[in-house]
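Biologist: Please choose a single part of this model and take me through it closely and in order, explaining each term as it comes up, since I am still new to reading structures.

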Amino acid sequence: MIKYRAELKCYLCGRTAGELETIVGDSPSAPRFQPMPGMESLIGQSMREARCPLCGGTLFIEDVERVYFLSEQRFAPEKRGRKPRPRPDSVAS
Ligand SMILES: [Zn+2]
């Protein structure tokens, strides 16, 4: 499973309007938009017509980031230190 995460930014004022997330893979989903505080009015707008709520500038997508999921399970915390080795003398006794 691969997830793409991108920032939606205003071309004029440079503010980050929100984050877009899309999952690509076995169960693809529609892009999910997570607005920044004060940018909630962008929810429900189409991407092409959406404008910056503060200055009316055009929005563009920046910092597309690919996130890989190897599995849904969490990794067990890595144990620090070396594995205890059986001592030869303790085995003999
Ligand atoms: Zn703006």
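**A close look at the sheet**

Modeller: Ala6 stands opposite Leu20 in S2, and this pair is a good place to enter the sheet. Before going further, please keep in mind that the model is predicted, that local features need pLDDT of at least 70 and side-chain atom pairs count only at pLDDT 80 or more, while totals for chains, interfaces and linings use all residues. Residues are numbered from 1 along each chain as its sequence is written.

The chain has 1 helix and 4 strands, and along the sequence they follow the pattern β-β-β-β-α. Here helices (H or I, at least four residues) and strands (E, at least two) are DSSP runs, numbered from the N terminus, and two strands pair if DSSP finds at least two bridges between them.

Strand S1 (residues 2-10) pairs with strand S2 (residues 16-24) in the antiparallel sense over 8 bridges. These two strands form a hairpin with 5 residues between them, and Gly14 in the turn has a positive phi of about 80°. Tyr4 has Thr22 as its bridge partner in S2, and in S4 its bridge partner is Arg66. S1 and S4 also pair in the antiparallel sense, over 8 bridges. S2, for its part, is joined by 4 bridges to strand S3 (residues 32-35), and these two run antiparallel. Gly18 stands opposite Pro35 in S3, and the S3 bridge partner of Glu21 is Arg32.

Put together, the 4 strands form an open sheet in the order S3-S2-S1-S4, with antiparallel pairing. S3 and S4 stand at the edges with a single partner strand each, so one side of each has no neighbour in the sheet. Neighbouring strands of this sheet are turned by 20° against each other on average, direction ignored, where the axes are lines fitted to C-alpha atoms, for helices over the stretch in contact, and angles run from 0 to 180 degrees between N-to-C directions.

Edge strand S4 (residues 59-68) holds Asp63, and Glu62 lies in S4 as well. A residue is called buried if 20 or more other C-beta atoms, placed from the backbone, lie within 10 Å of its own, exposed if 12 or fewer, and partly exposed in between. Asp63 counts as exposed because it has 11 C-beta neighbours inside 10 Å, and Glu62 is exposed because 11 other C-beta atoms lie within 10 Å. Asp63 has a phi near 55°, a positive value in a residue other than glycine. Most residues other than glycine have a negative phi.

Glu62 touches Ala6, Glu7 and Lys9, not counting residues up to four places away in sequence; two residues are in contact if their C-beta atoms, placed from the backbone, lie within 7 Å. Glu62 and Cys10 are 52 residues apart in sequence, yet 9.8 Å apart in space, C-alpha to C-alpha.

Cys10 also belongs to the largest nonpolar core, which has 6 residues: Leu8, Cys10, Ala17, Met39, Cys52 and Leu59. Such a core is a set of buried Ala, Val, Leu, Ile, Met, Phe, Trp, Tyr and Cys residues joined through C-beta atoms within 7 Å. Among the residues that Leu59 touches, leaving aside those up to four places away in sequence, are Leu8, Cys10, Ala17 and Cys52. In the chain as a whole, buried residues make up 9% of the 93 residues.
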